[in-house]
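Subject: The structure we talked about

Hi there,

Here is the structure I promised to send over. Have a look at it first, and then read on for what I found.

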Amino acid sequence: MRRGSPGIDFVEFVEQRSGALFRTAYVLTGDAHTAEDLVQEALERACRHWRRVARAEVPEAYVRRILVNLANDRWRRLHRLGERPAPEPAVEHPDPRDAYRSVELRAELVAALHTLPMGMRTVVVLYYLHDLGDREIAQTLDISPGAVRSQLSRGLAKLRAALPRQDAPSASSTPREGA
């Protein structure tokens with residue numbers, strides 16, 4: 001997708017970026033149906049203001065911020081009402097040579113992500129799934145770069161504790177300054 005191109009068409013944007021937006025929503029919520037609803041609502045809001053969105057330096061970042069805000073609002077609403085998602089059932093671990101092991105590892109990582117507080121989870125997802133730097137995440141979430149680094153560091157520590165094997169991001173995957 002072209003950066004800063006005011007002529008980008010909404011339909012073209014949806015065709016090119018809705019998959020990435022869905023992945024973000026899914027990792028944040030852990031539920032495909034909820035993720036679809038969040039993406040649809042984010043795209044609907046973006047469509048209403050498409051001229052402004054298309055003029056943004058990176059339209060996807062603008063829509064991603066809408067999506068993250070919607071996910072955070074949903075999380076706050078559910079926790080205010082006392083609703084908690086049901087814990088995932090325990091999974092038997094197959095032979096590590098199993099070709100489908102990566103699917104299980106992905107499911108374990110997503111489940112571990114959902115043990116993190118929403119703000120911390122959002123920082124980890126934006127950092128690793130979207131390869132955003134601390135300044136970009138800070139701008140997206142309207143927090144300081146130091147808060148991003150702190151949330152990321154604490155989130156990775158919690159993931160490492162939850163996934164003691166090699167499933168969590170490695171120690172070499174520490175936050176990069178201003179990337």
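In what order do the elements of the protein run from the N terminus on? They run α-α-α-α-α-α-α-α. Please keep in mind that this is a predicted model. In total, the protein has eight helices and zero strands.

A few overall numbers may help you get oriented. The protein has 179 residues, and 36% of them are buried. About 10,700 Å² is exposed, with carbon and sulfur atoms supplying 52% of that area. Of the contacts between residues at least 6 apart in sequence, 64% join residues at least 24 apart.

Helix H1 is the one I would like to show you in detail. H1 covers residues 10-29, and its end C-alpha atoms are 25 Å apart, whereas a straight helix of 20 residues would span 28 Å. Along its course, H1 bends by about 50 degrees at Arg17.

Both ends of H1 are worth a look too. At the N-terminal end, Asp9 acts as a cap, with a side-chain oxygen 3.4 Å from the backbone nitrogen of Val11. Just after H1 comes Gly30, which takes a positive phi of about 80 degrees.

Which residues of H1 are buried? They are Phe10, Phe13, Ala20, Leu21, Thr24, Ala25, Val27, Leu28 and Thr29. When you look at that list, it helps to remember that an α-helix has 3.6 residues a turn, so residues three or four places apart point the same way.

Happy to talk it through whenever suits you.

Best wishes

Terms used:
Residues numbered from 1 in each chain as written. Predicted model: local features only at pLDDT ≥ 70, side-chain atom pairs only at ≥ 80, totals over all residues. Heavy atoms only, no water. Helix = DSSP H or I, 4+ residues; strand = E, 2+ residues; numbered from the N terminus. Expected span 1.5 Å × (residues − 1). Bend = angle between axes of the 7 residues up to and from the residue. Buried < 20%, exposed > 50% of the residue type's maximum accessible area, 1.4 Å probe, protein only. Polar contact = N/O pair within 3.5 Å; in protein donor to acceptor, adjacent residues only side chain to side chain. Contact = heavy atoms within 4.5 Å. Areas by Shrake-Rupley, 256 points an atom, 1.4 Å probe, with all protein chains shown as cover.
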